[in-house]
Amino acid sequence: MSEREKSALFALLEREDLAEKKTRIYARLLTDAAVVKTLQEVADSHRKSRETLSAFLGLKIENDGGRYGDKEEKADA
């Protein structure tokens, strides 16, 4: 994979991350249950896209709601 392609995929990964976060925030602000459910489904879709892109790029998703890092495990210091 070329550097240009890799850079584009990382940019897309960052956009998916941001889209998921914003959608979850908006869902928490609303009172209409049907709209909230739809927004949660949209956020889940962004999460799945982010996970797929991360796996393709050899990254892992950390448990902090959308951050990603190297697959290599770091020893606790």
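Helices and strands are DSSP runs, numbered from the N terminus. On that basis, the chain reads α-α-β-β along its sequence. It holds two helices and two strands. The model is a predicted one. Of the 77 residues of the chain, 21% count as buried. The accessible surface comes to about 5900 Å². Carbon and sulfur atoms account for 52% of that surface. Among contacts between residues at least 6 apart in sequence, 48% join residues at least 24 apart.

Helix α1 covers residues 3-29. Its 27 residues reach 39 Å from the first C-alpha to the last, close to the 39 Å expected at 1.5 Å a residue. The buried residues of α1 are Leu9, Leu13, Glu16, Asp17, Glu20, Thr23 and Ala27. Leu29, also in α1, counts as exposed because its relative accessibility is 64%, and the cut-off for exposed is over 50%.

Helix α2 covers residues 33-57. At 1.5 Å a residue, its 25 residues should span 36 Å, and the end C-alpha atoms are indeed 36 Å apart. At the start of α2, a side-chain oxygen of Asp32 reaches to within 3.0 Å of the backbone nitrogen of Ala34. After the helix comes Gly58, with a positive phi near 80°. Val36, Ala43, Arg50, Leu53, Ser54 and Leu57 are buried in α2. Thr38, in the same helix, is partly exposed at 44% relative accessible area. The C-alpha atoms of Thr38 and Thr23 lie 9.9 Å apart, with their positions 15 residues apart in sequence.

Charged pairs come next. Side chains of opposite charge can pair when their charged atoms come close. The structure holds six salt bridges. Asp17, Glu20, Lys21, Arg24, Asp44 and Arg50 are linked in a network of such bridges.

Glu20 belongs to helix α1. With a relative accessibility of 4%, Glu20 counts as buried, because buried means under 20%. The side chains of Glu20 and Arg50 meet in a salt bridge of 2.5 Å, N to O. This pair links distant parts of the chain, with Glu20 in helix α1 and Arg50 in helix α2, 30 residues apart. Both partners are buried. Beyond its neighbours within four places in sequence, Glu20 is in contact with Ala43, His46, Arg47 and Arg50. Glu20 and Arg47 are 27 residues apart in sequence, yet their C-alpha atoms are 6.2 Å apart.

Arg24 also bridges to Glu20, with the closest N and O atoms 3.2 Å apart. Here both residues lie in helix α1, four residues apart, about one turn of the helix. An α-helix has 3.6 residues a turn, so residues three or four places apart point the same way. Arg24 is partly exposed, at 26% relative accessibility.

Arg50 forms a further salt bridge with Asp17, whose closest N and O atoms are 3.8 Å apart. Arg50 lies in α2 and Asp17 in α1, so this pair ties together parts that are 33 residues apart in sequence. Arg50 and Asp17 are both buried.

The surface carries a nonpolar patch of about 470 Å². Ile25, Tyr26, Leu29, Leu30 and Val35 make up this patch. Its largest share, three residues, comes from helix α1.

Methods:
Residues are numbered from 1 along each chain as its sequence is written. This is a predicted model: local features need pLDDT of at least 70, side-chain atom pairs count only at pLDDT 80 or more; totals for chains, interfaces and linings use all residues. Side-chain values use heavy atoms; hydrogens and water are left out. Buried means under 20% relative accessible area, exposed over 50%, partly exposed in between (1.4 Å probe, protein chains only). The expected span of a helix is 1.5 Å times one less than its number of residues. A polar contact is a pair of N or O atoms within 3.5 Å; within protein, one must be able to donate a hydrogen and the other to accept it, and residues adjacent in sequence count only if both atoms are side-chain atoms. Patches are made of residues with over 30% relative accessible area and no salt bridge: like charges are joined within 9 Å, nonpolar side chains (Val, Leu, Ile, Met, Phe, Trp, Tyr) within 5 Å. Accessible areas come from the Shrake-Rupley method with a 1.4 Å probe; for residues, only the protein chains shown count as cover. A salt bridge is a side-chain nitrogen of Lys or Arg within 4 Å of a carboxyl oxygen of Asp or Glu. Contact means heavy atoms within 4.5 Å.
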